[in-house]
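Colleague: I would like to go through this model with you. Can you show it, and then take my questions in turn?

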Amino acid sequence: MNFKPGQIVSLECGDACLHSEVIQVVEARQICWVRPLMLVVLLSGKDLSAQWSEDYTLSDLRDGADLLWPLSLFRAALDTEVISLLTQLQSLDADKKDGAIASRQLRDFVDRVWEAFPSAFH
């Protein structure tokens with residue numbers, strides 16, 4: 001993983017995908033400091049790897065907490081998957097930007113990742 005600061009990375013877990021900006025990579029510890037940008041959750045409940053769907057929710061996480069997580073969990077995001085999402089993120093209505101809800105969604109996603117990839121955190 002040769003991530004650079006400012007690069008967008010993705011972490012998929014079940015029916016959700018967290019897109020984040022790399023702040024710093026700590027090679028010696030194999031961890032990545034990322035700033036979450038958005039969480040995409042498929043409404044169909046299907047696994048993201050099964051098929052991309054137009055039925056999803058997009059949550060703005062830009063005002064949330066940063067994460068320090070193992071490099072092995074992330075992959076480089078493809079331009080084709082994030083450009084339209086970033087555009088949608090910029091145009092979210094103010095009433096759809098609820099910090100408490102976004103914080104809860106990030107916390108729930110973190111819990112799911114810890115359960116799905118316990119060996120990555122040892």
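What follows is a set of questions and answers on a predicted model.

Colleague: In what order do the elements of the protein chain run from the N terminus on?

Modeller: Start with the tally. The secondary structure of the protein chain comes to two helices and six strands. From the N terminus, the order is β-β-β-β-β-β-α-α.

Colleague: What share of contacts between residues at least 6 apart in sequence joins residues at least 24 apart?

Modeller: Some context on the protein chain comes before the value. Of its 122 residues, 39% are buried. Its accessible surface is about 7200 Å², with 52% belonging to carbon and sulfur atoms. Among contacts between residues at least 6 apart, the share joining residues at least 24 apart is 61%.

Colleague: How far does helix α2 reach from its first C-alpha to its last?

Modeller: Helix α2 covers residues 99-116, which is 18 residues. At 1.5 Å a residue, the expected reach is 26 Å. The model comes close to that, at 26 Å.

Colleague: Within what arc do the buried residues of α2 fall?

Modeller: The buried residues of α2 are Ala-102, Leu-106, Phe-109, Val-110 and Val-113. They line one face of the helix, because seen down its axis they fall within an arc of 105°.

Colleague: Which exposed residues sit on the face of α2 turned away from its buried side?

Modeller: Take the buried side as the reference. Its residues pack against β1, β2, β3, β4 and β5. The face turned away from that side carries exposed Ala-100 and Glu-115.

Colleague: Which element gives the most to the largest nonpolar core?

Modeller: That core has 23 residues, and the members touching the most others are Phe-3, Cys-32, Trp-69, Phe-74 and Phe-109. At least two residues come from each of β1, β2, β3, β5 and α2. The top contributor, with five residues, is α2.

Colleague: Which residues of α2 does Trp-69 contact, and what else is on its list?

Modeller: Trp-69 is one of the core members that touch the most others. Leaving aside neighbours within four places in sequence, its contacts include Leu-11, Ile-31, Cys-32, Phe-74 and Phe-121. Also on that list are Val-110, Val-113 and Trp-114, and α2 spans residues 99-116. From α2, then, the names are Val-110, Val-113 and Trp-114.

Colleague: How many residues does the other core have?

Modeller: This core lies apart from the largest one. Among its members are Val-40, Leu-58, Ala-77 and Leu-92. Its residue count is twelve.

Colleague: Is Arg-112 buried or partly exposed, and at what relative accessibility?

Modeller: Arg-112 is in helix α2. Its contacts, without neighbours up to four places away, are Cys-13, Gly-14, Asp-15 and Ala-16. Arg-112 and Cys-13 are 99 residues apart in sequence, yet 7.3 Å apart C-alpha to C-alpha. Arg-112 counts as partly exposed, at 31%.

Colleague: What arc do the buried residues of α1 cover?

Modeller: Helix α1 has twelve residues, 79-90, and its end C-alpha atoms are 16 Å apart, which agrees with the expected span. Its buried residues are Val-82, Leu-85 and Leu-89. They sit on the same side of α1, because they cover an arc of only 65°.

Colleague: Which residues are exposed on the other side of α1?

Modeller: The buried residues have cover that includes β1, β2, β3 and β4. On the other side, the exposed residues are Asp-79, Thr-80, Ile-83, Thr-87 and Gln-90.

Colleague: What separation do the C-alpha atoms of Val-82 and His-19 have?

Modeller: Val-82 is in helix α1 and is buried, at 4% relative accessible area. Beyond four places in sequence, it touches Ile-8, His-19, Met-38 and Ala-77. Val-82 and His-19 are 63 residues apart along the chain, and their C-alpha separation is 8.0 Å.

Colleague: Which side chain does His-19 join in a polar contact of 2.7 Å?

Modeller: His-19 is in strand β2. It is buried, with a relative accessible area of 2%. The 2.7 Å polar contact joins its side chain to that of Ser-10.

Colleague: What phi does Gln-30 have?

Modeller: Gln-30 is in the loop between β2 and β3. It is partly exposed, at 43% relative accessible area. Most residues other than glycine have a negative phi. Gln-30 is not a glycine, yet its phi is positive, at about 55°.

Technical notes: Residues are numbered from 1 along each chain as its sequence is written. This is a predicted model: local features need pLDDT of at least 70, side-chain atom pairs count only at pLDDT 80 or more; totals for chains, interfaces and linings use all residues. Side-chain values use heavy atoms; hydrogens and water are left out. Helices (H or I, at least four residues) and strands (E, at least two) are DSSP runs, numbered from the N terminus. The expected span of a helix is 1.5 Å times one less than its number of residues. Buried means under 20% relative accessible area, exposed over 50%, partly exposed in between (1.4 Å probe, protein chains only). The arc is that of the directions from the helix axis to the C-beta atoms. Contact means heavy atoms within 4.5 Å. A polar contact is a pair of N or O atoms within 3.5 Å; within protein, one must be able to donate a hydrogen and the other to accept it, and residues adjacent in sequence count only if both atoms are side-chain atoms. A nonpolar core is a set of buried Ala, Val, Leu, Ile, Met, Phe, Trp, Tyr and Cys residues joined through side-chain atoms within 4.5 Å. Accessible areas come from the Shrake-Rupley method with a 1.4 Å probe; for residues, only the protein chains shown count as cover.
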